[in-house]
Amino acid sequence: MSHGPRSGLAAVSTALLAMSRHLEVRDVLKTIVASARELLDAEYAALGVPDDHGGFAQFVVDGVSDDQWKAIGPLPRQHGILAAMLREDGPQRLADVRKDPRFEGWPSAHPDLVDFLGLPIRDGDEVIGALFLANKRTPAEGDPHNPSGLPCPAPEGTCGFTQDDEDVLGILAQHAAIALTNARLYERSRELTIAEERSRLAHELHDAVSQKLFSLRLTAQAAARLVDRDPARAKGELQQVAALAAEAADELRAAVVELRPAALDEDGLVPTLRTQIQVLDRAHTARVTFAGHGARALPAAQEEAVLRVAQEALHNALRHSGADRVDVTLGRRGSGAVLRVTDDGKGFDPQIIRSAGRHLGLVSMRDRASGVGGSLTVESAPGKGTTIEMEVPGG
């Protein structure tokens, strides 16, 4: 086992738990690399995810500053030692990577790597990454030339990485494969959800634009019939044509905006909700409003859950409740946030929970809330409208 400051079973457990907390692929990669470097007390660590063109789709490093990384240049290709880790089963443990016959050099700004430990990350038979550490630091207790006792590089010509280090990294790589695979599945699931949502919004916008164009056509026909016998009324109809044409143009612009890739990651929860609610307000006869009261950024999984619950609640209110008005608010509560969707529709009896739960998607909304440590409450009564409130804890 490593002699570094984070050695021992507790350190391994901490590293594995850290990897399991993240759902975004990039976050998982960063956590794997940082955990490996700290756990085995190395100066540098990196993890590359191969693409299908002889390079790396992603390459994450730890121990190199942002300026150093920019100076190094483009992502590395799959050659030399990196190729060996992707194509061979076993680990690569070397006293001096520069003296290995497969070594092919590195860019001038690249840090100088000496002793080296690397291995592939596998999901079954598929290699999904290459993880490596370099420049193992060893303890210097009792060294008169290093009275601080801080770790220092291994003596020249020896590999500081031990068999124990190799075993620990093997365990880390197995769990890294699970964490990375789960993150990929999560992102794929989210992409499918986003695609479904975009399809639903496209349908709603198509309906709204079609209604506007149908009205535009009827009004234009009425104006044509009135031109000769009642020019004044014809003028009024033509003014209505202009107004309907402007509304149809607004709907088409909304469609172009809303059918972009989801903006949650780039824009944040509040702007994304505001944009989608503006579209729904234009697409439906009901008045749909949004207000954000001091809400701040939340962890990505919580923002995703809040957005999906808001969309489900809005869909229910606009399609099933017969509401004339739907109000959405997002406010701050402690370190978290509260979402509230209120409509003045026909409501329902909460005691009839089974049929209502299936019909209104309440079960899935509660699952989303509880899945991020939050809660969901529903208040409704026949003829009294419905309020759905979701609270999340924040980060």
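Two strands count as paired if DSSP finds at least two bridges between them, and that idea will guide the early stops of this tour. Keep in mind throughout that the model on the screen is a predicted one.

**The whole chain**

Begin with the entire protein chain in view, where the secondary structure comes to eleven helices and eleven strands. Of the 395 residues in the protein chain, 44% are buried, while the surface that the chain exposes amounts to about 20700 Å², with carbon and sulfur atoms supplying 52% of it. If you consider the contacts with a separation of 6 or more, residues 24 or more positions apart account for 62% of them.

**Strand 4 and its neighbours**

Next, select residues 116-123, which make up strand 4, and look at how this strand is mostly covered, with six of its eight residues buried. Add residues 92-94, which form strand 3, and you will find three bridges joining strand 3 to strand 4, the two running antiparallel. Which residue of strand 4 stands opposite Gln-92? Select Gly-118, for this is the residue that faces Gln-92.

Now add residues 126-138, the stretch that forms strand 5, and follow the eight bridges that join strand 5 to strand 4, again with an antiparallel course. One place to look is Leu-117, whose bridge partner in strand 5 is Leu-133. Strand 4 and strand 5 together form a hairpin with two residues between them, and in the turn you can select Gly-124, which has a positive phi of about 70 degrees.

**Two residues with an unusual phi sign**

Most residues other than glycine have a negative phi. With that in mind, stay in strand 5 and select Asn-135, which is found in this strand and has a positive phi of about 60 degrees although it is not a glycine. Is Asn-135 buried or exposed? Its relative accessible area is 10%, and because buried means under 20%, Asn-135 counts as buried.

Then move to Asp-41, which sits in the loop between helix 2 (25-40) and strand 1 (42-50). Asp-41 is not a glycine either, yet it has a positive phi of about 55 degrees, and with a relative accessible area of 4% it is buried.

**The aromatic rings**

For the last stop, turn to the aromatic side chains, among which the count comes to four aromatic pairs. Select Phe-56 and Phe-59, which form one of these pairs, with 5.3 Å from centre to centre and 70 degrees between the planes, an edge-to-face arrangement. Both Phe-56 and Phe-59 are buried.

Keep Phe-59 selected and add Trp-69, and you will see two rings with their centres 6.0 Å apart and their planes at 5 degrees, so this pair is stacked. What does the pair tie together? Phe-59 lies in strand 2 (residues 56-62) and Trp-69 in helix 3 (residues 66-72), so the pair ties together parts that are ten residues apart in sequence.

The two partners can also be set side by side for their cover: Phe-59, at 8% relative accessibility, counts as buried, whereas Trp-69, at 25% relative accessibility, counts as partly exposed. To finish, show Phe-56, Phe-59 and Trp-69 at once, since ring pairs link these residues into a cluster.

How values were computed. Residues numbered from 1 in each chain as written. Predicted model: local features only at pLDDT ≥ 70, side-chain atom pairs only at ≥ 80, totals over all residues. Heavy atoms only, no water. Buried < 20%, exposed > 50% of the residue type's maximum accessible area, 1.4 Å probe, protein only. Helix = DSSP H or I, 4+ residues; strand = E, 2+ residues; numbered from the N terminus. Phe/Tyr/Trp six-rings, centres within 6.5 Å; stacked < 30°, edge-to-face > 60°. Contact = heavy atoms within 4.5 Å. Areas by Shrake-Rupley, 256 points an atom, 1.4 Å probe, with all protein chains shown as cover.
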